[in-house]
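Here's a quick walk through one chain, with an eye on how its pieces hold on to each other. Have the structure open and follow along.

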Amino acid sequence: MKQFILTEKPSVGRDIVNAIGGHFDKRDGYFESAQYIVSWAIGHLVELCEPEDYNPNLKRWQLSTLPIIPDSFKLKPNPKTYKQYQIVKQLLNRPDIELIAGTDAGREGELIVRYIMRLAGYTRPFKRLWLSETTPEAIRKALADPLPGQAKDLLAAAAESRSHSDWLIGINATRAFTKKHGDLFSIGRVQTPTLGIIVAREREINNFSPVPYWELYADFLTTGDQTYRGKWFKNKNVNRFEQESVGKEIKDKITGQSGIITKAEEKDVSEPPPLLFNLNDLQKEANKKFGFTANQTLEIAQALYEKHKLLTYPRTEFKHLTKELAKTIPARLAALESVAGYAKYVAYAKTAPKPGKRFIDDSKVGDHHALIPTSVKPNNHLSANEAKIYNLVARRFLAMFFPAAQYKQTKITTTVCKEAFLTSGKIELSPGWKEVLAPTKGENKSKDDDESLLPPLTQGEQVTVTKAELQQKKTEPPKRYTEGTLLAVMEGAGKFVDDKALKDAMKGHGLGTSATRAAIIERLIKVGYIERKGKVLIPTRKGETLIDLVPEIVSSPQMTGEWEKSLADIEAGQVNPIDFMKQIVELTKKIVELAKEQKSQSNTPQQAREVVGTCPLCGKDVLEYPKSYGCSGFRDGCNFSCSKLILKKNISVTQAKTLLTNGKIQIKGFTSAKTGKKFDAALVLKDGKISFDFS
């Protein structure tokens, strides 16, 4: 029997071929040797059927046909990768092969291979290749002892439940609210609650009215001619004045008066090294330090994992290592030692005590461990951005060998005329691990990192107020979300839930997963619900309209949090997928019913859009949308559209009208995606498709 290894991407397939070694013949869509066949599921190969695949009448969007709930979900080949599907299907049906599923080691990777097996009719036993890194050593080790296929049956059940529930909610809610209100409203179980959070923050900002307040500061002189400053406070909750007159009265009372240091507290504080990176934390850090989008960081980390073999599997939720993996630490340190900037830290790590349970804990690791460097030595072939991400991960890994950062924290209370003033100081005694995680050039320190050097002060010491200053300030609105802060909120979405039991249950189960959050943000931008402005995310008018229309059950993080918890419980064998899907079906019916009961808002965007021309596919009007010129018959299944931006060239309404009328228009100023050079060409419209003509 030959071992048929099915990977997710051709690049991983080539890595496996190289790791196995020996002679492989390259064939159309796969490699074959005397013992192995290696192919790939690029484009996922198989997808869930569309409504019209169950019934042709369902292609037309109508409220009367909703909800659409298949008795059982059917699969079909992805038309874009049909040729590769046929190749894989033929290989799976060869009697001389045994399948080793080598798709990505996670929920979606499991879904991909299970769907392919089902549609291709593969029912024989199979094995599972579970990789956390794609180095040759890791591949050979995993191949020597693959998991039995059934070991991941519960993961597959959770993956299918996620896929089916997203289909039900997405198809039915999108059609229901689109038909009811006359504009295309894409709805999803994760994207819509995420949009709801962004819209809620924007409305907080817009409705915010600044309120003035005053803070009182006093400069003190000691008998030894040392100076320091204190801030007035009444108690730990009150340190400002709502009325200027009250502050001014105290200011006048204390100016020039003598006081006494009534309390002098000094204590040593230690700050342990941060936990290792999971994907979510890496995305937050890269956004904060470099302004990278979540998707940018994921793509770079994926390249460092697949292409360069420098990082372990990036799509991980976990921040710890197993005891078994900890045995590989010396080889990983040896790889880092070859980089001059890391050498001195590696030298220290080699002599440091082994990291403890804060970093190495089998109970806090699931399918994957924390994101760390591999044992492959870095080279000079990394792009600038790849080097930045690798550096973040490498330094966080090295930091775990270093001691805690040590500080001396001082708090002084000075009393003048029965009024109390607080002075705080924080002095770094030893940087510890912070020596490894040097701040990026130009990066601002947080308020917590501020250090104030205070003179020697003792309790009972007499002082004099040399100056008092009343500063007027005003309350500030909450800040808009950056991708980094939004990722943090998505991860901790349980804080938006009122029910304490559910809040506790949602710990570790927020909106989406580390692997999907970047795609959710990109999806919200693509469908026109939010925009990036600099580093912040702002909802569009359409995004706010959607949140106003959908019921809270759709826009609240609670529903999605409950789902993520249930999916995790399915994977753990604690929830029956059948019971979960029954709840989803009932929820789908409820959402559709709520949409049908709403008052139609169809006097909005659709009627106001300019008619650009006639659709070349179905004959309906082509209308102007925010980012494209598209057919008004999209609800009936017509997919004609023309982007407003083609190779960095804006296509005007006049140009779009000419193209639709004449079928061709000459345009100057396109920019080549490969070379960046400008060029002129004609756009040609034929059979509903737009292409370039250089003749």
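## A loop proline and its contacts

Leaving aside its neighbours within four places in sequence, Pro477 is in contact with Ile205 and Phe208. You'll find Pro477 in the loop between strand E15 (462–474) and helix H15. With a relative accessibility of 36%, Pro477 counts as partly exposed.

For a sense of distance, try Leu321: Pro477 and Leu321 are 156 residues apart along the chain, and their C-alpha atoms are separated by 40 Å.

## The chain as a whole

Keep in mind that this is a predicted model. The chain has 695 residues, and buried residues make up 50% of them. There are 23 helices and 26 strands to find your way around, and the C-alpha trace spans about 90 × 65 × 60 Å along its principal axes.

The accessible surface adds up to about 34,000 Å², and carbon and sulfur atoms account for 50% of that. Now look at contacts between residues at least 6 apart in sequence: 73% of these join residues at least 24 apart.

## Around helix H15

Back to the helix that follows the proline loop. Which residues of helix H15 (residues 483–491) are buried? They are Glu483, Gly484, Leu486, Leu487, Val489 and Met490. What do these buried residues pack against? The partners are helix H7 (191–206), helix H9 (279–290), helix H10, helix H17 (517–526), strand E16 (530–533) and strand E17 (536–539).

One of those partners, H10 (residues 294–306), also packs with helix H14 (residues 384–399), at an angle of about 85 degrees and with the axes 10 Å apart. That makes H10 roughly perpendicular to H14. On the H10 side, Thr297, Ile300, Ala303 and Leu304 do the meeting; Asn385, Glu386, Ile389 and Tyr390 are their counterparts in H14.

## Salt bridges

Side chains of opposite charge can pair when their charged atoms come close. In this model the count comes to 46 salt bridges. One of them joins Lys284 and Glu491, whose closest N and O atoms are 3.4 Å apart. Lys284 sits in helix H9 and Glu491 in helix H15, so this pair ties together parts that are 207 residues apart in sequence. Lys284 is partly exposed at 23% relative accessibility, and Glu491 is partly exposed too, at 24%.

Helix H9 has a bridge within itself as well: Lys289 pairs with Glu285, the closest N and O atoms being 3.8 Å apart. Both lie in H9, four residues apart, which is about one turn of the helix. An α-helix has 3.6 residues a turn, so residues three or four places apart point the same way.

Then there's Glu522 with Arg532, a salt bridge at 2.4 Å, N to O. Glu522 belongs to helix H17 and Arg532 to strand E16, so the pair ties together parts that are 10 residues apart in sequence. Glu522 has a relative accessible area of 23% and is partly exposed; Arg532, at 33%, is partly exposed as well. Elsewhere, Lys2, Asp25, Arg27, Glu32, Arg94 and Asp96 are linked in a network of salt bridges.

## A nonpolar patch on the surface

Last stop: Leu647, Phe692 and Phe694 form a nonpolar patch on the surface, with about 280 Å² of accessible area together. Phe692 is found in strand E26 (residues 689–693). Its relative accessible area is 33%, so Phe692 is partly exposed.

Terms used: Residues are numbered from 1 along each chain as its sequence is written. This is a predicted model: local features need pLDDT of at least 70, side-chain atom pairs count only at pLDDT 80 or more; totals for chains, interfaces and linings use all residues. Side-chain values use heavy atoms; hydrogens and water are left out. Patches are made of residues with over 30% relative accessible area and no salt bridge: like charges are joined within 9 Å, nonpolar side chains (Val, Leu, Ile, Met, Phe, Trp, Tyr) within 5 Å. Accessible areas come from the Shrake-Rupley method with a 1.4 Å probe; for residues, only the protein chains shown count as cover. A salt bridge is a side-chain nitrogen of Lys or Arg within 4 Å of a carboxyl oxygen of Asp or Glu. Helices (H or I, at least four residues) and strands (E, at least two) are DSSP runs, numbered from the N terminus. Buried means under 20% relative accessible area, exposed over 50%, partly exposed in between (1.4 Å probe, protein chains only). Axes are lines fitted to C-alpha atoms, for helices over the stretch in contact, and angles run from 0 to 180 degrees between N-to-C directions. Angles under 35 degrees count as roughly parallel, over 145 as roughly antiparallel, 65 to 115 as roughly perpendicular and the rest as oblique. Contact means heavy atoms within 4.5 Å.
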